[in-house]
Amino acid sequence: MAKDQEVKLAQMKKIVEELGSSTEKYGDPTLERFLIARSMDPNKAAKMFVSWQKWRASFVPLGFIPDSEVLQQLESRKIFLQGLSKDGHPILILHASKHYPAKDKHQFKKFVVHLLDKGIASGIRGQEIGNEKIVAIIDMQQLTFKNVDAHGLISGFQFLQAYYPERLARLYILNMPRFFVSVWKMISHFLEKATLDKIMIVRNEDERKQFVIEVGKEALPEELGGEAKFVALQDVEAPRLEC
């Protein structure tokens with residue numbers, strides 16, 4: 001770790017204590033995610049970290065969201081957890097044509113936490129480090145107007161940015177229909193530049209080849225250019241995040 005980063009990390013820990021909280025349970029890689037997300041500003045990173053702690057204690061009191069609390073979202077089998085990408089990141093895939101706007105917004109937010117927690121945890125090999133990331137893929141093949149859920153996407157991105165800083169390695173959007181382009185432009189206004197920089201909209205054959213190379217064929221399903229089969233999120237066993 002660079003000397004300047006060590007100093008900022010020490011400052012962040014001190015500010016967290018001054019805010020009435022503690023970093024005792026967390027390793028430096030976890031705290032560094034918050035620093036990076038707040039442009040290495042110890043004060044802003046500390047406030048974000050304390051806000052995350054309070055949110056986690058309130059929204060995820062058990063420390064995890066069990067399948068039983070999100071069965072309505074799981075039953076459509078629209079989310080897949082495919083193992084590790086070429087760079088060692090868990091791969092989460094959403095079949096957008098199987099998703100419909102949720103009537104129960106609170107349950108949908110729980111589902112977002114459930115899938116992000118489980119996706120990140122599936123990348124833990126041995127002991128959790130704290131800086132594990134995921135690769136996400138949204139496949140919009142056969143998407144219709146009934147499947148469009150701008151509010152759900154915005155909510156998911158806001159959770160990712162506020163409570164899962166530096167957990168996204170890359171997001172690929174496949175087969176985006178023309179009618180969704182204007183929707184995506186609207187959604188993009190809610191995304192931070194750091195998030196937008198990690199998103200690749202695959203528009204042509206060359207970009208699709210690049211996508212397959214970057215992710216790797218071993219865990220990518222055959223339908224997306226890989227060599228694997230789809231594995232539903234609920235069929236995967238994963239440890240729990242130590243949050």
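This passage describes the cavities and one helix of a predicted model. Local features require pLDDT of at least 70 and side-chain atom pairs pLDDT 80 or more, while totals for chains, interfaces and linings use all residues. Residues are numbered from 1 along each chain as its sequence is written, and side-chain values use heavy atoms, without hydrogens and water.

Four cavities of 30 Å³ or more were found (sets of points on a 1 Å grid over the protein atoms alone where a 1.4 Å probe fits but cannot get out; points are joined across faces, edges and corners, and volume is the space filled by probe spheres set on them). The largest cavity holds about 550 Å³. Its lining (residues with an atom within 4 Å of a point) comprises 29 residues, with Leu-94, Leu-115, Ile-138, Leu-153 and Gly-156 nearest the centre. Among the elements giving two or more residues to this lining are strand S2 (90–95) and helix H5 (105–121). The second largest cavity holds about 150 Å³ and is lined by 14 residues; H6 and H8 each supply at least two of them.

In helix H7 (residues 181–188), Val-183, Trp-184, Ile-187 and Ser-188 are buried (under 20% relative accessible area, 1.4 Å probe, protein chains only); helices are DSSP runs of H or I of at least four residues, strands E runs of at least two, numbered from the N terminus. The buried residues of H7 fall within an arc of 140° seen down the axis, so they line one face of the helix; the arc is taken over directions from the axis to the C-beta atoms. On the other side of H7, Ser-182 and Lys-185 are exposed (over 50%).

Definitions and conventions. On a 1 Å grid over the protein atoms alone, a cavity is a set of points where a 1.4 Å probe fits but cannot get out, and a pocket is an open set with protein on both sides within 12 Å along at least five of seven lines; lining residues have an atom within 4 Å of a point.
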